[in-house]
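Work through the three exercises below with the model open. Each has a task and a stepwise solution.

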Amino acid sequence: MLRTICSRSHPGEMLSEKPQYGINAAAVPLTGLLPVYIRITDISDDGYFKPTEKVGVNSTLSHLYQLSEGDIVLARTGASVGKSYLYNQNDGLLIYAGFLIKMSPNKSKLDPKYLSQYLKTEKYWDWVTVNSMRSQGGSILCLIFSQRITLLDNCHPSPLSSACYAG
């Protein structure tokens with residue numbers, strides 16, 4: 001059972017670090033020990049890693065763009081602006097591309113699964129539609145942190161948190 005709303009916060013107040021743009025590198029055929037590259041086109045409309053063909057990235061900086069448990073990447077521009085993916089360790093080691101923004105929720109303030117579900121709501125998509133038209137080039141990086149997310153008092157990591165996004 002959901003309890004009362006306890007706060008409305010900007011996403012930036014609930015992150016463990018500043019949002020990060022992905023690596024600016026070309027996709028290459030996946031061979032040898034190259035890490036897998038996740039691009040906007042590899043994220044399904046319902047938020048899963050579903051590449052038509054896995055590709056790699058060959059850069060000495062790749063390790064700086066590796067996704068970790070709880071990370072969410074968002075498409076920051078173009079026709080897919082706003083589309084998101086919550087990293088799943090079952091997808092393997094993933095390096096996120098330059099047209100994605102990585103957000104790392106502070107798990108003591110915001111459950112990544114709650115944020116992931118919020119990024120699939122009609123309210124969020126209505127906001128993306130309006131604000132991506134207002135921003136230059138469709139990039140919503142600066143605007144996304146002006147929106148407030150409603151937090152329910154049991155949506156912090158706890159045995160009860162699954163109630164917030166149970167479907």
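A residue counts as buried when its relative accessible area is under 20%. The model is a predicted one.

**Exercise 1.** Classify Tyr 96 as buried or exposed, then classify its ring pairing with Tyr 65.

Solution.
- Step 1. Tyr 96 has 1% relative accessibility, so Tyr 96 is buried.
- Step 2. The ring centres of Tyr 65 and Tyr 96 lie 5.8 Å apart, with planes at 65 degrees.
- Step 3. Planes over 60 degrees apart count as edge-to-face, so this pair is edge-to-face.
- Step 4. Tyr 65 sits in the loop between β5 and β6, and Tyr 96 in strand β8, 31 residues apart.

**Exercise 2.** Classify the ring pair of Phe 49 and Tyr 85, and state what it ties together.

Solution.
- Step 1. The centres are 6.4 Å apart and the planes at 55 degrees, so the pair is tilted.
- Step 2. Phe 49 belongs to the loop between β4 and β5, and Tyr 85 to strand β7, so the pair ties together parts 36 residues apart in sequence.
- Step 3. Phe 49 and Tyr 85 are both buried.

**Exercise 3.** Find the strand partners of β9 and decide whether its faces are covered or open.

Solution.
- Step 1. β2 pairs with β9 in the antiparallel sense over two bridges. Gln 20 stands opposite Lys 102.
- Step 2. β6 also pairs antiparallel with β9, over four bridges. Ala 75 has Leu 100 as its bridge partner.
- Step 3. Leu 100 and Lys 102 are buried on one side, Ile 101 and Met 103 on the other; both faces are covered.
- Step 4. Leu 100 is also among the residues with the most contacts inside the largest nonpolar core, which has 20 residues.

Methods: Residues are numbered from 1 along each chain as its sequence is written. This is a predicted model: local features need pLDDT of at least 70, side-chain atom pairs count only at pLDDT 80 or more; totals for chains, interfaces and linings use all residues. Side-chain values use heavy atoms; hydrogens and water are left out. A nonpolar core is a set of buried Ala, Val, Leu, Ile, Met, Phe, Trp, Tyr and Cys residues joined through side-chain atoms within 4.5 Å. Buried means under 20% relative accessible area, exposed over 50%, partly exposed in between (1.4 Å probe, protein chains only). Two strands pair if DSSP finds at least two bridges between them. Rings of Phe, Tyr and Trp (its six-membered ring) pair if their centres lie within 6.5 Å; planes under 30 degrees apart count as stacked, over 60 as edge-to-face and the rest as tilted.
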